[in-house]
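Student: I have a new structure in front of me, and I would like to learn how to read it step by step. Could you guide me through it?

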Amino acid sequence: TVAISFKNVGTIKEIGSTYAEQNRSLVPIGVKTPLILDSSTNNIFAMHTDVRAQVADNLRNLVQTNWGERLALTDYGANLSPLVTEFSSKQTFDQEAIVRINTAVEKWMPFLELIDYESTPDFEDNEFVGKIKIQVSYGIPTIGVTRDVVEVSLFVI
């Protein structure tokens, strides 16, 4: 094989905002979850092309993931399932959930600024089966996002 030198390859002459705007929105930056097949592009799965949407998707996945669920990243996630299965009171759940979410975000998404947390338990007349809806609001200072919200539902069985 022959190595190609960068010495005489040239550059893009008009690399101003017009070039960047035309190409930035077309570049896939991450897979949308849950996975969906995408027949409209050359990608097998639907992809995010917006940083804000990708960050929201990543945060939602981080909050929903439990330790040991990610291959080779055994401490990835907020590990909220054990809290849900041991749910005794909203106050106890919220105190520990906030700490776990904050710890996970500091480790895996340190560019986020967490703002607010809200949870809504719904046990539908049954103290053992239901769900807990969690809303986390956050900012992304590096791209100028002052407030966005991610909502996650955790099921209690």
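Tutor: We will go through the sheet, the helices beside it, the core and the aromatic pairs, keeping in mind that this is a predicted model.

Student: Let me begin with the sheet: which strands belong to it, and in what order?

Tutor: As a general idea, the strands of a sheet pair through backbone hydrogen bonds, either parallel or antiparallel. Here three strands make an open sheet in the order β3-β4-β5, and their pairing is antiparallel. The edge strands, β3 (113-122) and β5, each pair on one side only, while the twist from one strand to the next averages 15°.

Student: How many bridges join β3 to β4?

Tutor: There are nine bridges between these two antiparallel strands, and one place to look is D116, whose bridge partner in β4 is S137.

Student: Which strands do α2 and α4 touch?

Tutor: Helix α2 lies across β4 and β5, and runs at about 35° to β5. Helix α4 packs on the sheet and touches β3, β4 and β5, with its direction making about 145° with that of β3.

Student: Which residues have the most contacts inside the largest nonpolar core?

Tutor: The general idea is that in soluble globular proteins nonpolar side chains tend to be buried together. In this model the largest nonpolar core has 27 residues, and those with the most contacts inside it are L59, L80, F93, I101, L112 and I134. The elements that give two or more residues to this core are α2 (51-64), α3 (81-85), α4 (90-108), β4 (130-140) and β5 (145-156). If you select L112 and leave aside its neighbours within four places in sequence, you will find it in contact with V55, L59, V105, Y138, G139 and I140.

Student: How many aromatic pairs are found in the whole structure, and how should I read them?

Tutor: A pair of aromatic rings is described by the distance of the centres and the angle of the planes. A search of the whole structure finds two such pairs. Y76 and W108 form an edge-to-face pair, at 5.1 Å centre to centre and with 65° between the planes. Because Y76 lies in the loop between α2 and α3 and W108 in helix α4, this pair ties together parts that are 32 residues apart in sequence. The other pair, F87 and F93, is tilted, at 5.7 Å centre to centre and with 55° between the planes.

Student: Are Y76 and F93 buried or exposed?

Tutor: Y76 counts as buried, at 10% relative accessibility, whereas its partner W108 is partly exposed, with a relative accessible area of 27%. F93 is buried, with a relative accessible area of 3%, and F87 counts as partly exposed at 23%. Finally, R70 lies over the face of Y76, at 4.4 Å from the ring centre.

How values were computed. Residues are numbered from 1 along each chain as its sequence is written. This is a predicted model: local features need pLDDT of at least 70, side-chain atom pairs count only at pLDDT 80 or more; totals for chains, interfaces and linings use all residues. Side-chain values use heavy atoms; hydrogens and water are left out. A nonpolar core is a set of buried Ala, Val, Leu, Ile, Met, Phe, Trp, Tyr and Cys residues joined through side-chain atoms within 4.5 Å. Buried means under 20% relative accessible area, exposed over 50%, partly exposed in between (1.4 Å probe, protein chains only). Helices (H or I, at least four residues) and strands (E, at least two) are DSSP runs, numbered from the N terminus. Contact means heavy atoms within 4.5 Å. Two strands pair if DSSP finds at least two bridges between them. Axes are lines fitted to C-alpha atoms, for helices over the stretch in contact, and angles run from 0 to 180 degrees between N-to-C directions. Rings of Phe, Tyr and Trp (its six-membered ring) pair if their centres lie within 6.5 Å; planes under 30 degrees apart count as stacked, over 60 as edge-to-face and the rest as tilted. A charge sits over a ring if NZ of Lys or CZ of Arg is within 6 Å of the ring centre and within 35 degrees of the ring normal.
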